[in-house]
Amino acid sequence: MKIDSKTKIYGLVGHPLEHTASPAMHNAAFRALDLNAVYLAFDIDPMAFEDAIKGLKALKVGGFNVTIPYKERIIPLLTHLDSSAARVGAVNTVKLDDSLLKGYNTDVIGFLAPLLELDLKLDEITALILGAGGAAKACVRALLDAGCREVIVLNRSLERALDLLKQHNNTNILKVGPLNEESLKGALSRASLVINTTPVGMYPNVDESIIPKALLRSDLIVYDLVYRPVETRLIKEAKEAGATTISGYKMLLEQAAESFRIWTGLEPPKEAMLKALKLELGVEDVG
Ligand code: NAP
């Protein structure tokens with residue numbers, strides 16, 4: 001890998017950033033296309049966030065990804081907000097163009113891509129989303145835009161779910177409620193697609209699952225946004241129940257590929273990115 005005075009800098013801003021897989025994917029992409037660029041992780045203290053963004057701008061970096069807890073806090077610092085980000089109210093990708101900071105959201109495309117591979121009739125299905133945080137916002141937007149018949153959001157704190165409903169002008173396609181055993185049972189009986197957007201089951205709490213095994217069925221599509229481990233307890237038990245499963249690493253790859261496309265204007269080398277991602281996540285064959 002060549003580093004010289006012309007090396008373009010890209011990166012990820014977030015806090016904390018202990019286990020990010022983004023540098024592995026993007027550096028693999030730069031190498032695959034022989035681009036003189038590097039992708040770094042910037043763990044930024046909340047007190048220094050605005051200064052850090054000014055610094056990145058002054059350094060004329062090519063662009064950067066934004067993750068927890070800055071996906072909304074970045075917005076007032078931008079010169080331009082792409083419709084992909086404006087519609088979600090969150091930014092995960094920033095491009096620098098002639099010192100202008102342009103914000104995009106590639107989580108929506110990243111989330112939808114593995115679902116589109118399944119050739120579903122979204123207008124005929126009820127989707128159940130567990131969680132109402134940043135990732136859930138992108139999922140709701142994606143499913144509503146894709147014409148899903150009904151989207152149910154259940155969240156531990158009802159207030160946050162209600163905020164999500166307000167953000168979507170109380171559309172009657174979107175239903176929200178508190179997350180408990182009874183509501184989960186009721187919503188699952190209507191849903192054919194269920195998406196975990198909570199961190200439940202994420203390393204190191206790998207023995208946890210947001211859905212009791214007894215409620216999983218073979219006609220469900222179970223999508224877990226958690227990608228560490230690649231096979232969460234939820235995914236493992238869903239497979240055992242005969243359900244179709246989607247692991248969160250697929251979304252991670254697709255959102256990264258889309259960010260790459262925005263920054264470079266080039267077709268992302270997904271094979272190289274996937275190989276690097278698998279290596280980073282410590283799996284040979286993730287299916
Ligand atoms: P976030 O904004 O902090 O939201 C977390 C959500 O999970 C909130 O709704 C929270 O409920 C709920 N939650 C947290 N702990 C819970 C528990 N023990 N039981 C039930 N609900 C719980 O986080 P986020 O950005 O949405 O990320 C959530 C997860 O998605 C993380 O694991 C992240 O790694 C993953 N993710 C994956 C991708 C991908 O590309 N695969 C992309 C984005 C995010 P309250 O509102 O009640 O606190």
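**Strand β10 and the α4–α9 helix contact**

In this predicted model, strand β10 pairs with strand β11 (residues 221-224) in the parallel sense, over four bridges. Within this pairing, N196 stands opposite D224 in β11. Strand β10 also runs parallel to strand β7 (residues 126-130), and four bridges join the two. Here L128 is the residue that stands opposite V194 in β10.

Strand β10 itself spans residues 193-196. Both of its faces are covered. L193 and I195 lie on one side and are buried. V194 and N196 lie on the other side and are buried as well. In a regular strand, side chains alternate between the two faces of the sheet. V194, opposite L128 of the β7 pairing, and N196, opposite D224 of the β11 pairing, thus share one side of β10.

A helix pair was examined next. Two packed helices are described by the angle between their axes and the distance between the axes. Helix α4 (residues 107-116) packs with helix α9 (residues 248-264) at an angle of about 130°, and the axes are 7 Å apart. Angles over 145 degrees would count as roughly antiparallel, and 65 to 115 as roughly perpendicular. The angle of about 130° therefore makes α4 oblique to α9. The crossing of the two helices is right-handed.

From α4, the contact involves D107, I109, G110, F111, A113 and P114. These residues meet K250, M251, E254, Q255 and E258 in α9. By class, the contact has five nonpolar, two polar and four charged residues.

How values were computed. Residues numbered from 1 in each chain as written. Predicted model: local features only at pLDDT ≥ 70, side-chain atom pairs only at ≥ 80, totals over all residues. Heavy atoms only, no water. Axes fitted to C-alpha atoms, helices over the stretch in contact; angles between N-to-C directions. Parallel < 35°, antiparallel > 145°, perpendicular 65-115°, else oblique. Left-handed = near helix turned anticlockwise from the far one by under 90°. Contact = heavy atoms within 4.5 Å. Nonpolar A, V, L, I, M, F, W, Y, C, P; charged D, E, K, R; others polar. Buried < 20%, exposed > 50% of the residue type's maximum accessible area, 1.4 Å probe, protein only. Pairing = 2+ DSSP bridges.
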